[in-house]
Each structure stands twice: as structure tokens, then as C-alpha cells.
Amino acid sequence: IFWIDSRGYKPRSLTGTDNSLPMLFNEWPDHELLNVREALIEPFHQCMDGYKGNLLLGWLPMVLMLKEITDKFHKFPILYFAGRTQSGKTTTIRWLYSFFGIQDIDGASFGGSSPVGIMRDMAYWSNLPVWFDEYLNSDPRCKKRDPLLKNIYDRQGDKKGVKKSFGQDFYKIRGCMILSGEENPDVNSILTRCITIPLSFQKTHNQECAAEMLTELSEYFPEVTLQMLQHKTPQNVERFFQFQAKYEPRLKEYINDRRLAFNYSLLLAAYDVFIEPNKQFQEWLFEYAKTDKAEKSQETPTNTFLSDFYTMVERGLIRNFDDFLLEGTFLYLPFDSFYDTWIEYLTRKHQHPEHKKNTLRDYFKEEPYFVKSESLDPNDSKKLKVKRFVDKQRRAMCIDTTQCALLTDLPELIAETRTF
């Protein structure tokens, strides 16, 4: 029992057992090690195929800064592990939990968990990670829970009506999420809310040896967390936000994605302040984020839609002023009418859309190239949603083609095909 003044508090078990309370101190076995954080960098680096191990370690102080980050930004990235069966997802995530004094934990099935159960876990595990496993793009239960992932990233709690006294239960998000599966989510708006760590099935002998050593040392990992907490002074918290503010615009300019730039700037700042400044890791992370952005930009529902749009322009199936409107670098697309045209195009190819109209429209709103009407002219937002086409005025969504890799050469294509 913890006593504060005259009031006593008894901790409740996180997993329903009496021995699962977090333990934040176990004396490191080698008393000669002055800095146990540095003692783990090389084994993680070796075990996880290079700087992915540093990426993992950088996420730890982010969790310890969870409250400060969410109070300031009202968002926090999801940590996602992708890999085949026996690629090491469970072992790696258990190492992470060992830093918080929790041993031998298993992740609950994401598709098999109810939305209420997920939100309750996110409220219950205060300032700790919550692990959900078996994310599958082919599982419709997982796809129905995709909006929950957006809410968890954006720290938006869930309300549930209570029959008794017509009241409400509100689940405030206090923890952070670890998600794992054999493949990455196929929705870009979910992927960009994640820091992804792919794990390889093939392991070298040196990697296996490093993994065995980390497993043996895992019971002592809480001392690393204790050192980081002791290092979390007001001065270092301020340094963290200064570093984050420095890295975010540089990453945004380099990878051209504001959400991924925010996610990785948090991790890089946490690594610099709470582990060690590392120029090589910083350079690697910039390239990793750029590659991550490129991979996340492929085979998304919005990209499939725009790829078909481009093909239809190329073949002369749709025309400027008739079916869409290009003004400078801004594409105005009457989404409702074009969606029906797109369905006819897919039908001729014996294909079917994977997402309904409203769902696909919502996905576009999450893309960096989607231009909100108020960002063009805050004093004339109503008129910007309506554009004059050949037949009549229509409401249209706006896309900045300079920010969309699939459409950067659309003006040249229109000029070549003379569709205007």
C-alpha cells in the first residue's frame, strides 16, 4: 500500500494476477558498468540488423515522456512490428515490456478484441504500452477497428451511454499502443500514424547469440528505465522539446510528410536526450523515414484511385473541364460523379472497388496532398468547394499535384494528350 498523507492506495494488477505489478529496479549484474543504457546499444544494434535496434531503444524514453508529449501535441505514434511467424515479434515486444518490469506478456488479438475492451485497456494501462497482435488486412474485424487506431493516435477517448440514469462512461486514453502483424496496414492514414519496425525471418549466428544475451539480461532492464526516469529533469524535458522542434521541420522537408516527420522527430529527440547523441543514427533515421514514406505511399486505396484516374486521362476516357478541372498545379475533382465513372471503369476490367465512396473520401482527407478549402482562402471557403465545369457547377475536392507523386506530371500529360 502506498500512503499519501493519511490516504492509502493499493495498486491493482494490470493483467489480473497478483504477481504482474511493474517492478522498476533490479540491480545490474555487472557493477563495473557505469552506464547500462550504453551497454545495451551494441547488443540491440547487432540483434536487430543495425540501427533498427537503436530505433527500438529510442521509443522507450518516448513512452516515459508520454504525458508531456500528449499534453503538448495531443497525439502519440503507435509502434508497429511487421514480420512473418517466428520472425521475433513476440520476443522483441517482451524485451520492451521488460523495461517496464513486466515479464512474459502476450498480446491480445486486435480483431478478436471488442472496441470497448481496447479502449478500456488504453485507459487502464496508464503511461504504459498496450500490445495487440494479429493485425490482418484480410480480417474485416480489424478493418472495422481502424478508426480506433486514429483515435488512439489523436488521443481521442470514447464515450459510451449507460442505461442507468441515462449517464455516460468516458474512456480517456492514458497508455500507448504496440501493434503487430505479418503485414503492414494497407491504409495510408493508419500507416502514417505508426513507427514501423520490420523484422526479418532469417537470423545470422551473431544475431541469435545477441538475442540470447538480451533475453538473459531482460530481467535487469528495469534499471535502464530507472536511469532514464532519474534523467528526466525539467531541464532535459525542455531539451527534448527543443530537439524535437529542431528535427521536425528538417524531417518534413526531407520526406515531405508532416505526420511521419512529427513521429520520427519525437523518437530522435528522445534518443539524443535520454540515451546518447549519435550522428550516424540521425543520418540513418532520416534515410529510414524517407524509405518508410515511400513504402507507405504504395498500394494505398487513394493511390489506386489516383493511378486509375491518371490512366483514364492518359487514354482519353475523361477530359479536362468535363470530368475534372486543372488550375495551375491544383486538381479539382468532383468526387461523387467521378467515383461513379471509376466504378464503370473497374467493371469493364472485371474488378470491384475495395472501399465505399464515403470511406475513400475520408481516406483522401488524411493525405498530405489534400487541400482543405480554408487553407486556400479562409474568407471564401464556400465558393472554393464549387467549380464551374462544362455542363454545370459541381462540388469538388482539391489536390495539390506537386505534393502527390502520382500526379506531378499531370499538366504535361494533359498538354500531350490535348484533352483540354
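The buried residues of helix H14 are Pro301, Thr302, Asn303, Phe305, Leu306, Asp308, Phe309, Tyr310, Thr311, Met312 and Val313. That makes H14 a mostly covered helix, with 11 of its 14 residues buried. Keep in mind as you explore that this is a predicted model.

## Helix H14 and its surroundings

H14 covers residues 301-314, and its length can be checked with a little arithmetic. At 1.5 Å a residue, its 14 residues should span 20 Å, and the end C-alpha atoms are indeed 20 Å apart, so the two values agree. Just after H14 comes glycine 316, which takes a positive phi of about 75 degrees.

Now pick out phenylalanine 305 in this helix. Is it buried or exposed? Its relative accessible area is 0%, and because buried means under 20%, phenylalanine 305 counts as buried. Which residues does it touch, leaving aside those up to four places away in sequence? They are Leu333, Phe335, Phe338, Tyr339, Trp342, Leu360 and Phe364.

## Aromatic rings

The structure holds 29 aromatic pairs. Two of them share phenylalanine 364 and appear in this table.

| Pair | Centre to centre | Angle between planes | Arrangement |
|---|---|---|---|
| Phenylalanine 305 and phenylalanine 364 | 5.4 Å | 75 degrees | edge-to-face |
| Phenylalanine 364 and tyrosine 369 | 6.5 Å | 65 degrees | edge-to-face |

Why does the pair of phenylalanine 305 and phenylalanine 364 tie together separate parts of the sequence? Phenylalanine 305 lies in H14 and phenylalanine 364 in helix H16 (residues 357-365), so the pair joins parts that are 59 residues apart in sequence. Phenylalanine 364 is buried, with a relative accessible area of 0%, and tyrosine 369 is buried too, at 4%.

These rings belong to a wider group. Phe305, Phe309, Phe324, Phe335, Phe338, Tyr339, Trp342, Phe364 and Tyr369 form one aromatic cluster.

## The nonpolar core

In soluble globular proteins, nonpolar side chains tend to be buried together. Here, the largest nonpolar core has 118 residues, and those with the most contacts inside it are Phe44, Trp59, Phe305, Phe309 and Leu410. Which helix gives the most to this core? Helix H12 (residues 258-274) does, with 12 residues. Another core, of 6 residues, lies apart from it and includes Tyr332, Phe389, Ala396 and Cys398.

## An enclosed strand

Strands have a story to tell as well. All 6 of the 6 residues of strand S8 (residues 176-181) are buried, so this strand is largely enclosed by the rest of the structure. In a regular strand the side chains alternate between the two faces of the sheet. On one side of S8 are Cys176, Ile178 and Ser180, and on the other are Met177, Leu179 and Gly181; both faces are covered.

S8 pairs in the parallel sense with strand S3 (residues 78-82) over 4 bridges, and with strand S5 (residues 129-133) in the parallel sense over 4 bridges. Look for isoleucine 178 in S8: it is the bridge partner of leucine 79, and tryptophan 131 stands opposite it.

## The whole protein

Finally, step back to the full view. The protein contains 19 helices and 15 strands. Of its 420 residues, 48% are buried. The protein exposes about 21700 Å², with carbon and sulfur atoms supplying 49% of that area. Among contacts between residues at least 6 apart in sequence, 75% join residues at least 24 apart.

How values were computed: Residues are numbered from 1 along each chain as its sequence is written. This is a predicted model: local features need pLDDT of at least 70, side-chain atom pairs count only at pLDDT 80 or more; totals for chains, interfaces and linings use all residues. Side-chain values use heavy atoms; hydrogens and water are left out. A nonpolar core is a set of buried Ala, Val, Leu, Ile, Met, Phe, Trp, Tyr and Cys residues joined through side-chain atoms within 4.5 Å. Buried means under 20% relative accessible area, exposed over 50%, partly exposed in between (1.4 Å probe, protein chains only). Helices (H or I, at least four residues) and strands (E, at least two) are DSSP runs, numbered from the N terminus. Contact means heavy atoms within 4.5 Å. Accessible areas come from the Shrake-Rupley method with a 1.4 Å probe; for residues, only the protein chains shown count as cover. The expected span of a helix is 1.5 Å times one less than its number of residues. Two strands pair if DSSP finds at least two bridges between them. Rings of Phe, Tyr and Trp (its six-membered ring) pair if their centres lie within 6.5 Å; planes under 30 degrees apart count as stacked, over 60 as edge-to-face and the rest as tilted.
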